[in-house]
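Reader: I'm new to this one, so please don't rush. Pick a single part, look at it closely and tell me how it's put together.

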Amino acid sequence: HNPSATFTSRGCPNGCQFCAVPKLEGEFREISDFRPAPIICDNNFTAASRKHQERVVDKLKVFPVVDFNQGLESGRFTPELADLLGNLKCKVRFAFDHVNFESKVKAAIDLCRQRTTKDIGIYVLIGFNDTPEDARYRLELVRSWGIDPNPMRFQSLDAIKKNDYVSPNWSDVELKRMMEYYSNLRFFRPIPYKDYEYREDDRKQIALF
């Protein structure tokens, strides 16, 4: 519904356990006649063929800034793709879904800074097959790389309502506390997480500091 947004491909070949994309969009496919727009919402642009990627970049050169809004797959972010996207003034975002991907995410960030752009965002999945300690490690690691993380709370496909699922390793309060803090670092940056207090009433979430 956003006129500034477009898809150049649909689906994702990975089939990650936590992800709804394969069920919602089916097999990965490229869209040859996509409508050019400055916000790219592909779920895995890095999985597209080189020919498609080149065609997309060529059509996007008319925009002053391009935002690759979905999380790019760090393991597929090659020097060739980094140089190709470097032909655009762009913002690039990567996904950091599990601690095992730490080295790949860091390598992609370094490559992106050297050859594409320094305007980088990181989506950090929390609440799926992890613990609060693991999630905080990844969130703080992203901060140590000079980037404010964007925490993404896992949503179960069979949930009755949004934010209904709580992993056995978590409490609902701790999930909300972590989401609230790391989603608002522009306000809470001076406050260490251990000192951040969270309280929920019937209408709103309140940070006490």
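Author: Let's start with the cysteines: the sulfur of Cys19 has its closest cysteine sulfur in Cys16, and at 6.2 Å that's too far for a bond. A disulfide here is a pair of cysteine sulfur atoms within 2.5 Å, and by this rule the count is zero. Keep in mind that this is a predicted model, where local features need pLDDT of at least 70 and side-chain atom pairs count only at pLDDT 80 or more, while totals for chains, interfaces and linings use all residues. Residues are numbered from 1 along each chain as its sequence is written, and side-chain values use heavy atoms, with hydrogens and water left out.

Cys41 doesn't bond either: its closest cysteine sulfur is in Cys19, 14 Å off, which is too far. Cys41 is buried, with a relative accessible area of 14%, whereas Cys19 is partly exposed at 22%. (Buried means under 20% relative accessible area, exposed over 50%, partly exposed in between, using a 1.4 Å probe and protein chains only.)

Now for strand 4, residues 39–40, which pairs in the parallel sense with strand 5, residues 66–72, over two bridges. Two strands pair if DSSP finds at least two bridges between them; helices (H or I, at least four residues) and strands (E, at least two) are DSSP runs numbered from the N terminus. Ile40 has Phe68 as its bridge partner in strand 5. Phe68 in turn has Val92 as its partner in strand 6, and strands 5 and 6 run parallel over four bridges.

Zooming out a little, this belongs to an open sheet of six strands in the order 1-4-5-6-7-8, with parallel pairing. Strands 1 and 8 stand at the edges with a single partner strand each, so one side of each has no neighbour in the sheet.

Back to strand 4: together with helix 2 (residues 50–60) and strand 5, strand 4 makes a right-handed β-α-β unit. Right-handed means that, with the strands pointing away from you, the path from the first strand over the helix to the second runs clockwise.

Helix 2 is worth a look too. Its buried residues are His52, Gln53, Val56, Val57 and Leu60. Down the helix axis they fall within an arc of 130°, so they line one face of helix 2; that arc is of the directions from the helix axis to the C-beta atoms. Their cover includes strand 3, strand 4, strand 5 and helix 3, with contact meaning heavy atoms within 4.5 Å.
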